[in-house]
Amino acid sequence: MTPAAPPRHSVAIIGGGPAGLMAAEVLSSAGVQVDLYDRMPSVGRKLLMAGKGGLNITHSEPLERFLARYGERRDRLEPFVRGFGPESLRDWVHGLGIETFVGTSGRVFPQEMKAAPLLRAWLHRLRGAGVRIHVRHRWAGWTESGALRFDTPRGEHMMHADAVVLAPGGGSWPQLGSDGAWAEVIAQRNVPIATLRPANCGFDVAWSEHFRSRFAGHPVKPVIATFEEGGVAHRRQGEFVVTANGVEGSLIYAASAALRETIETQGHVILTLDLAPDYEVERLATALAHPRGSRSIASHIQSRTGLKGVKTGLMREVLPAETFTDVARLAASIKALPLRLERPRPLAEAISTAGGVAFDALDEGLMIRDLPGVFCAGEMLDWEAPTGGYLLTACFATGLVAGRGAAAWLGAKEAET
Ligand SMILES: Cc1cc2nc3c(=O)[nH]c(=O)nc-3n(C[C@H](O)[C@H](O)[C@H](O)COP(=O)(O)OP(=O)(O)OC[C@H]3O[C@@H](n4cnc5c(N)ncnc54)[C@H](O)[C@@H]3O)c2cc1C
């Protein structure tokens with residue numbers, strides 16, 4: 001038997017998250033020697049963390065609705081997600097020997113909910129395909145001669161590759177590896193980058209010490225939140241959690257892009273809360289108009305409307321004292337409690353990152369036009385999406401496109417010579 005011919009090309013991949021690993025898979029199956037570098041002691045840490053609460057890998061809703069989740073970046077991501085969308089992603093997961101199921105909300109999860117079995121099977125397959133993984137290698141840019149520069153525990157390490165796929169993630173949860181430090185390195189090469197900002201994040205509220213100490217950690221549910229962005233009213237029902245600094249949780253995350261944008265233009269945003277979604281305002285007013293007797297106002301509200309705990313705490317925190325002596329005003333305020341959000345929580349605490357490498361700087365294979373042979377994928381690109389599996393789907397899809405783009409570019413270069 002003749003031994004297999006050695007690979008004609010080598011590609012370095014920076015980052016062992018879903019995007020980088022997917023690029024590694026595509027390139028290794030195209031016969032390219034892949035060296036994948038990650039600054040952490042092991043790869044896929046954010047993927048594993050995502051699996052802690054149930055790995056929501058994608059969503060089963062119709063593709064049109066799915067694509068709309070990418071908001072302003074829908075047009076940019078659509079070709080990639082159409083090429084490798086929710087269906088293909090599920091098939092691919094099944095190919096790793098992991099079954100999936102659709103939850104009641106339409107979200108798709110691996111059968112065991114966790115990411116670890118998937119990552120284990122995937123890494124096994126990648127290593128079998130010849131992918132070399134180098135951990136504790138922090139990419140720090142290029143040398144003058146164009147070599148990649150890495151900081152390692154044994155000092156600086158240089159490496160030449162025929163092409164590079166950058167997939168170092170966004171800037172959230174830096175303790176898992178993606179610290180956004182790449183942005184400065186790439187900006188030095190004059191690549192346009194939209195500032196990295198928190199997405200799917202909590203917001204600061206100037207709670208009083210009394211409220212904070214009593215209610216931090218308490219969920220507020222059910223509640224309807226309304227807010228305006230650019231003259232458009234948004235309205236969502238759900239729940240959120242009071243934190244020591246403000247608010248977080250699914251309802252807040254779902255609204256976070258619009259809330260953040262409004263804060264960027266106005267300095268703050270008012271989130272209007274309906275604390276009693278099941279009551280009409282007239283019914284509330286009638287209930288509250290009953291004589292209170294010797295009861296405290298809090299127990300009167302509770303006995304007449306069922307509102308208690310953190311909800312009455314919020315009313316006390318936000319409303320002026322005189323509101324509680326005016327039944328009509330109190331009822332109206334319960335249906336429209338104005339909560340002032342000061343600013344998003346820091347990027348490090350966010351679930352994901354908005355901003356990143358501008359799509360205008362990239363070709364259709366996700367190569368940086370002004371840096372031939374350098375491709376980008378995953379959360380480092382300038383897009384954002386809510387939670388629901390949209391983040392991972394776009395990371396896998398762009399990883400695949402960057403891998404294919406690099407393979408095609410190498411092939412075209414070879415044909416030229
Ligand atoms: C708590 C949490 C839960 C989540 N849950 C979900 C979910 O259920 N569903 C969903 O769709 N999304 C979820 N996400 C988001 C999802 O995990 C990310 O969008 C996704 O992991 C991003 O993939 P990526 O490959 O672009 O980057 P990452 O997964 O961040 O991987 C980037 C890798 O690059 C490495 N790296 C960074 N800089 C360098 C450097 N200079 N040199 C070398 N290596 C470097 C990092 O160490 C890291 O391993 C969650 C995120 C968090 C934080």
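Leucine 123 sits in helix H6 of this predicted model. With a relative accessibility of 12%, leucine 123 falls under the 20% cut-off and therefore counts as buried. Beyond its neighbours within four places in sequence, leucine 123 is in contact with Leu21, Val43 and Ile133. Leucine 63 offers a useful point of reference: 60 residues separate leucine 123 from leucine 63 in sequence, and their C-alpha atoms are 29 Å apart in space.

The helix that carries leucine 123 is worth a look in its own right. Helix H6 covers residues 116–128, 13 residues in total, and spans 18 Å from its first C-alpha to its last, close to the 18 Å expected at 1.5 Å a residue. Its buried residues are Pro117, Leu118, Leu119, Trp122, Leu123 and Leu126. In an α-helix there are 3.6 residues to a turn, so residues three or four places apart point the same way. The partners against which the buried residues of H6 pack are H1, H2, helix H5 (86–95), strand S6 (132–134) and H14. After H6 comes glycine 130, which has a positive phi, near 95°.

Helix H1, one of the packing partners of H6, can be followed through two of its residues. Alanine 24 is found in this helix. At 0% relative accessibility, alanine 24 is under the 20% limit and so counts as buried. Alanine 24 and leucine 126 lie 102 residues apart in sequence, yet the distance between their C-alpha atoms is 7.5 Å. Leucine 126 is also one of the residues that alanine 24 contacts, along with Ile13, Val34, Leu36 and Val131, when neighbours within four places in sequence are left aside.

Serine 28 belongs to helix H1 as well. Its relative accessible area is 12%, which is under 20%, so serine 28 is buried too. What does the side chain of serine 28 reach at 2.9 Å? The partner is the backbone oxygen of alanine 24. Not counting residues up to four places away in sequence, serine 28 touches Val34, Ala129 and Val131. Val34 and Val131 appear among the contacts of alanine 24 and also among those of serine 28.

Attention now turns to the ligand. The shell around the ligand holds 31 residues, of which Asp38, Asn56, Trp139, Glu379 and Leu392 come nearest. By type, this shell divides into 15 nonpolar, eleven polar and five charged residues. Helix H1 (18–29), helix H2 (45–50), strand S7 (138–142) and helix H14 (390–416) each contribute at least two residues to the shell. Helices H1, H2 and H14 are also among the elements that the buried residues of H6 pack against.

Several polar pairs can be listed between protein and ligand. A nitrogen atom of the ligand is 2.8 Å from a backbone N or O atom of asparagine 56. For proline 18, a polar backbone atom lies 3.2 Å from an oxygen atom of the ligand. In serine 178, the side chain takes part: one of its N or O atoms is 3.4 Å from an oxygen atom of the ligand. The ligand taken alone exposes 1000 Å², and the protein buries 95% of that area.

Strand S7, which supplies residues of the ligand shell, leads on to threonine 143, located in the loop between S7 and strand S8 (148–152). Is threonine 143 buried or exposed? Its relative accessible area is 16%, and because this is under 20%, threonine 143 is buried. The side chain of threonine 143 makes a polar contact of 3.1 Å with the side chain of serine 145. Leaving aside neighbours within four places in sequence, threonine 143 is in contact with Arg149, Met158 and Arg189.

Some overall values place these details in context. The protein contains 14 helices and 20 strands. Its C-alpha trace spans about 95 × 45 × 40 Å along the principal axes. Of its 417 residues, 51% count as buried. Among contacts in the protein with a separation of 6 or more, 68% come from residues 24 or more positions apart. The accessible surface of the protein is about 19100 Å², and carbon and sulfur atoms account for 51% of this surface.

Definitions and conventions
Residues are numbered from 1 along each chain as its sequence is written. This is a predicted model: local features need pLDDT of at least 70, side-chain atom pairs count only at pLDDT 80 or more; totals for chains, interfaces and linings use all residues. Side-chain values use heavy atoms; hydrogens and water are left out. A residue is near a molecule or strand if one of its heavy atoms lies within 4 Å of it. A polar contact is a pair of N or O atoms within 3.5 Å; within protein, one must be able to donate a hydrogen and the other to accept it, and residues adjacent in sequence count only if both atoms are side-chain atoms. Accessible areas come from the Shrake-Rupley method with a 1.4 Å probe; for residues, only the protein chains shown count as cover. Helices (H or I, at least four residues) and strands (E, at least two) are DSSP runs, numbered from the N terminus. Ala, Val, Leu, Ile, Met, Phe, Trp, Tyr, Cys and Pro count as nonpolar, Asp, Glu, Lys and Arg as charged, and the others, Gly among them, as polar. Buried means under 20% relative accessible area, exposed over 50%, partly exposed in between (1.4 Å probe, protein chains only). Contact means heavy atoms within 4.5 Å. The expected span of a helix is 1.5 Å times one less than its number of residues.
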